[in-house]
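The exercises below are to be worked with the sequence and the model side by side. Each task is followed by a solution that proceeds in steps.

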Amino acid sequence: MTELAGVTELLLSRIRDVPDYPKPGVMFKDITPLLADPEAFAALTDTLADLSVRQGATKIVGLEARGFILGAPVALRAGLGFIPVRKAGKLPGATLKQRYDLEYGSAEIEVHAEDLSAGDRVMVIDDVLATGGTAGASLDLIRRAGAEVAGVAVLMELGFLDGRQKLERALDGAPLEALITV
């Protein structure tokens, strides 16, 4: 078994299925048992940090909110800066905002304008890639700030929602790494 396959098996064993949450017919993938297990959390952090370093990242962006939980230790482990991308209205000072479409309506995310600049190579970290809306908006924000996208790395991709295909144009050749695909 390869090292990555062993990590994937460990991570999968710590993700709990919760049927009918948040509504009937949905199988929610709960990562809190993984976060509570220091061996699994360390393996996840190490793997994402290695991916970030291999892609030449100089900064990590974590997407609100679970992307903060994963991205901050990844940045620390990789020796990189951490930048939170927040829901609109949560950051003080000058920000760059990016609107994106939801299934019903739209949302907006923002980043401090001075946290990213030309010369930065940014790896976006999040827990789940679903429809790709938030990740795509974050890639637009990174580029608008003058930085380069090193890639996107997620713990889990919900393949049936086609987020990867929807992100393809926004990635513009940058890699998308999912440790687990369901």
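**Exercise 1.** In this predicted model, determine whether phenylalanine 28 is buried, partly exposed or exposed.

*Solution.* The relative accessibility of phenylalanine 28 is 25%. Buried would require under 20% and exposed over 50%, so phenylalanine 28 counts as partly exposed.

**Exercise 2.** Find the aromatic pairs of the structure and describe the geometry of each.

*Solution.* The structure holds two such pairs. In one of them, tyrosine 21 and phenylalanine 28 meet edge-to-face, with 5.2 Å centre to centre and 80° between the planes. Tyrosine 21, at 44% relative accessibility, is likewise classed as partly exposed, because that value lies between the 20% and 50% limits. Phenylalanine 68 and phenylalanine 82 also form an edge-to-face pair, at 6.3 Å centre to centre and 85° between the planes. This pair links distant parts of the chain, since phenylalanine 68 belongs to helix α4 (residues 66–78) and phenylalanine 82 to strand β4, 14 residues apart.

**Exercise 3.** Work out which strands pair with β6, and place glutamate 108 in that setting.

*Solution.* Strand β4 (residues 81–87) runs antiparallel to β6 (residues 105–112) and is joined to it by two bridges, with arginine 86 standing opposite glutamate 110. Strand β5 (residues 95–102) pairs with β6 in the antiparallel sense over eight bridges, and the two form a hairpin with two residues between them. Glutamate 108 lies in β6 and, leaving aside neighbours within four places in sequence, its contacts include Arg86, Lys87, Arg99 and Tyr100.

How values were computed:
Residues are numbered from 1 along each chain as its sequence is written. This is a predicted model: local features need pLDDT of at least 70, side-chain atom pairs count only at pLDDT 80 or more; totals for chains, interfaces and linings use all residues. Side-chain values use heavy atoms; hydrogens and water are left out. Two strands pair if DSSP finds at least two bridges between them. Helices (H or I, at least four residues) and strands (E, at least two) are DSSP runs, numbered from the N terminus. Contact means heavy atoms within 4.5 Å. Rings of Phe, Tyr and Trp (its six-membered ring) pair if their centres lie within 6.5 Å; planes under 30 degrees apart count as stacked, over 60 as edge-to-face and the rest as tilted. Buried means under 20% relative accessible area, exposed over 50%, partly exposed in between (1.4 Å probe, protein chains only).
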